[in-house]
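User: I am new to this model and would like a short tour. Please show me the structure, then take my questions one at a time.

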Amino acid sequence: MKPEQKYIELYKQMADLCKQNGWGDPFSYARSKEIYAACVLGHTVAPDYSGADALNEQGDEVEYKSTIGKKIQGAYTGISVQSTWEDQVRYLREEKIAKYPEHYYNRFNEGELVESWKLTGDKVFDILLPKLENKYPTVLTKKDPRLSATVTKKEIIKYGKKVI
């Protein structure tokens, strides 16, 4: 079998497996990495693309951030901007960041999960809040008027717990 034919066969098998298990389209954005991480970490894949990425062993919704970079990190991009900073803080706390009790930072290398760290949602909120507050006053003047910030390797190692 030619490599191209094998690829198509495996692609269809992955799509079928995900459909049978209610995991959604494995080829949509980072969904495949979320499914992989959930399997390795003993989590349940979340049924929807929006909201939580998985459910932990206790059934709590958790957030995943994946990278293929050399250093572990977590990029929070495309965060909706609220009309006031007070509303923004509430949104980040209740709907976007602290809502999830655990955030997992997963680093992949050559298709394999090689490193995973866990931080609490409250700690991630504390890390991101000053970064986002600094960007908030001018975000609406940008070409892409959404907020973004990164939890760095240094912050992950300092405040997190290594899982893998």
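User: Are K65 and E63 buried or exposed?
Analyst: This is a predicted model, where local features need pLDDT of at least 70, side-chain atom pairs count only at pLDDT 80 or more, and totals for chains, interfaces and linings use all residues. Residues are numbered from 1 along each chain as its sequence is written, and side-chain values use heavy atoms, with hydrogens and water left out. Buried means under 20% relative accessible area, exposed over 50%, and partly exposed in between, with a 1.4 Å probe and protein chains only. By that scale, both K65 and E63 are buried.

User: What joins the side chains of K65 and E63?
Analyst: Side chains of opposite charge can pair when their charged atoms come close. The cut-off is a side-chain nitrogen of Lys or Arg within 4 Å of a carboxyl oxygen of Asp or Glu. For K65 and E63 the N to O distance is 3.4 Å, so they meet in a salt bridge.

User: How many salt bridges does the structure hold?
Analyst: One of them joins R146 and D144, at 2.8 Å from N to O. R90, E94 and E95 are linked in a network of salt bridges. The total for the structure is 8.

User: Are R146 and D144 buried or partly exposed?
Analyst: R146 has 43% relative accessibility. D144 has a relative accessible area of 42%. Buried requires a value under 20%, and exposed one over 50%, so R146 and D144 fall in between. R146 counts as partly exposed, and D144 is also partly exposed.

User: About how many helical turns separate E34 and R31?
Analyst: E34 and R31 form a salt bridge, with their closest N and O atoms 3.5 Å apart. E34 is buried at 13% relative accessible area, and R31 is buried at 2%. Because they are 3 residues apart in helix 2 (residues 31-41), the separation is about one helical turn.

User: How many helices and strands does the protein chain have?
Analyst: Helices (H or I, at least four residues) and strands (E, at least two) are DSSP runs, numbered from the N terminus. Along the sequence they follow the pattern α-α-β-β-β-β-α-β-β-α-β-α-β. The tally is 5 helices and 8 strands.

User: What span does helix 1 reach from its first C-alpha to its last?
Analyst: Helix 1 has 19 residues. The expected span is 1.5 Å times one less than the number of residues, and for helix 1 that gives 27 Å. Just after helix 1, G22 takes a positive phi of about 70 degrees. The helix itself is close to expectation, reaching 27 Å.

User: Which residues form the nonpolar patch on the surface with I8?
Analyst: I8 sits in helix 1 (residues 3-21) and is partly exposed at 46%. Patches take residues with over 30% relative accessible area and no salt bridge; like charges are joined within 9 Å, and nonpolar side chains (Val, Leu, Ile, Met, Phe, Trp, Tyr) within 5 Å. Together the patch residues have about 480 Å² of accessible area, by the Shrake-Rupley method with a 1.4 Å probe, counting only the protein chains shown as cover. I8's partners are Y7, Y11, M14 and F27.

User: Which helix gives the most to the largest nonpolar core?
Analyst: A nonpolar core is a set of buried Ala, Val, Leu, Ile, Met, Phe, Trp, Tyr and Cys residues joined through side-chain atoms within 4.5 Å. The largest has 24 residues, and Y76, L92, Y105, V124, L128, L132 and V151 touch the most other members. Elements giving two or more residues include strand 4 (74-79), helix 3 (85-96) and helix 4 (121-135). The top contributor, with 6 residues, is helix 4.

User: Which residues does E155 touch, not counting those up to four places away in sequence?
Analyst: E155 lies in helix 5 (residues 153-159). E155 is buried, with a relative accessible area of 18%. With contact meaning heavy atoms within 4.5 Å, E155 touches L119, I127, K131, T150 and G160.

User: What separates the C-alpha atoms of G51 and K99?
Analyst: G51 is found in the loop between strand 1 (44-45) and strand 2 (54-55). Leaving aside neighbours within four places in sequence, G51 is in contact with E63 and Y100. G51 and K99 are 48 residues apart along the chain, but their C-alpha separation is 9.9 Å.
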